[in-house]
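Got the viewer open? Keep a selection box handy and follow along from stop to stop.

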Amino acid sequence: MKRFCLILVTMLVTMASHAQFEAGKYYVGASLSSLGFSYNGSQEGSFGLQARGGYLFDDNLMATAQLTWEKQSMMPSFLKVGVGARYYIVQNGLYLGAQVNYLRHSSDYDDLQPGVQVGYAFFLSKNVTVEPEIYYDQSIKSHKDFSTVGFRIGVGIYL
């Protein structure tokens with residue numbers, strides 16, 4: 001009986017979360033990045049804020065746009081503007097993402113940064129998630145100094 005109840009609950013949770021990844025849904029999210037959980041060759045510390053919006057144009061497939069502000073200890077602050085996609089590989093919220101960001105430092109430094117991420121959308125309620133994510137951004141201008149691997153945590157709302 002315990003096994004049957006566990007299987008039933010698992011199926012209900014999977015079905016409930018899958019309903020959030022249907023075509024036609026919108027997504028709004030915000031996250032904190034860096035906070036000592038990232039690394040690249042030119043920084044000692046950094047702090048970042050990201051706003052992200054998306055649209056599920058097919059089941060489990062979302063187009064995204066993001067705006068990121070980041071302050072690194074040895075450099076001026078900069079903005080990143082990017083577009084990407086997210087694919088939910090299982091109905092419980094595990095996802096893979098890819099994006100391309102255009103980076104503009106306040107000191108006239110430009111860079112193009114393609115990146116990938118893997119994360120999990122943990123549902124707190126029917127529409128609200130906490131989304132921990134591991135990411136890698138590849139710098140085209142200087143791989144050694146500006147390519148970054150890190151951890152980001154955010155909150156998302158599926159409408």
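Start with the empty space inside this predicted model: there are three cavities of 30 Å³ or more. Go to the second largest cavity, which has a volume of about 90 Å³. Its lining has 13 residues, and those nearest the centre are Tyr 27, Ser 31, Arg 52, Glu 131 and Gly 154. Show the cartoon too: β1, β2, β8 (128-137) and β9 (148-158) each give two or more residues to this lining. Which element gives the most? That is β1, with four residues.

**Stop two: Tyr 27**

Stay at the cavity and select Tyr 27, which lies in strand β1. Is Tyr 27 buried or exposed? At 4% relative accessibility, Tyr 27 counts as buried, because the cut-off is under 20%. Now bring up its surroundings. Leaving aside neighbours within four places in sequence, Tyr 27 is in contact with Arg 52, Gly 53, Gly 54, Met 62, Arg 86, Glu 131, Val 155, Gly 156, Ile 157 and Tyr 158. Put a distance on one of these: the C-alpha atoms of Tyr 27 and Arg 52 are separated by 8.0 Å, with their positions 25 residues apart along the chain. Then turn to Arg 86, whose charged end sits over the ring of Tyr 27, 5.1 Å from its centre. For another view of this kind, jump to Arg 152: its charged end sits over the ring of Tyr 135, 4.0 Å from the centre.

**Stop three: the core**

Select Phe 21, Tyr 27, Leu 56, Met 62, Tyr 88, Tyr 95, Ala 121, Phe 123 and Tyr 158 together, and you have the largest nonpolar core, nine residues in total. In soluble globular proteins, nonpolar side chains tend to be buried together. Colour the rings next: ring pairs link Phe 21, Tyr 27, Tyr 88, Tyr 95, Phe 123 and Tyr 158 into a cluster.

Zoom in on Phe 21. Not counting residues up to four places away in sequence, Phe 21 touches Leu 56, Asp 58, Asp 59, Asn 60, Tyr 88, Gln 91, Gly 93, Ala 121, Phe 123 and Tyr 158.

**Stop four: a tilted ring pair**

How many aromatic pairs are there? The count comes to eight. Pick the one made by Tyr 26 and Tyr 55: the ring centres are 5.0 Å apart and the planes stand at 50°, so the pair is tilted. Tyr 26 lies in strand β1 (residues 26-39) and Tyr 55 in strand β2 (residues 46-58), so the pair ties together parts that are 29 residues apart in sequence. Check the surface at Tyr 55 as well, as this residue is partly exposed, with a relative accessible area of 33%.

**Stop five: Asn 60**

Phe 21 has already pointed you to Asn 60, one of the residues it touches. Asn 60 lies in the loop between β2 and β3 (61-72). Look at its backbone: phi is positive, about 70°, although Asn 60 is not a glycine. Most residues other than glycine have a negative phi. At 9% relative accessibility, Asn 60 counts as buried.

**Stop six: two valines and a phenylalanine**

Select Val 130, found in strand β8. At 24% relative accessibility, Val 130 counts as partly exposed. Beyond its neighbours within four places in sequence, Val 130 is in contact with Tyr 120, Ala 121, Phe 122, Leu 124, Ile 153 and Gly 154. Gly 154 also appeared at the cavity, among the residues nearest its centre. For a C-alpha distance, try Val 130 to Ile 157: 9.1 Å in space, 27 residues apart in sequence.

Move to Val 149 in strand β9. Val 149 is partly exposed, with a relative accessible area of 41%. From its C-alpha to that of Ile 134 is 7.6 Å, and the two are 15 residues apart in sequence.

Then select Phe 146, in helix α2 (residues 143-146). Phe 146 counts as buried, at 15% relative accessibility. Gln 113 is 33 residues away in sequence, and 9.1 Å away C-alpha to C-alpha.

**Last stop: zoom out**

Now view everything as a cartoon: there are two helices and nine strands. Along the sequence, trace the pattern α-β-β-β-β-β-β-β-β-α-β. Of the 159 residues, 39% are buried. Among contacts with a separation of 6 or more, 51% are between residues 24 or more positions apart.

Methods
Residues numbered from 1 in each chain as written. Predicted model: local features only at pLDDT ≥ 70, side-chain atom pairs only at ≥ 80, totals over all residues. Heavy atoms only, no water. Core = buried A, V, L, I, M, F, W, Y, C linked by side-chain atoms within 4.5 Å. Buried < 20%, exposed > 50% of the residue type's maximum accessible area, 1.4 Å probe, protein only. Contact = heavy atoms within 4.5 Å. Phe/Tyr/Trp six-rings, centres within 6.5 Å; stacked < 30°, edge-to-face > 60°. Lys NZ or Arg CZ within 6 Å of the ring centre and 35° of its normal. 1 Å grid on protein atoms, 1.4 Å probe; cavity = no way out; pocket = protein on both sides within 12 Å on 5 of 7 lines; lining within 4 Å. Points joined across faces, edges and corners; volume = space filled by probe spheres on them.
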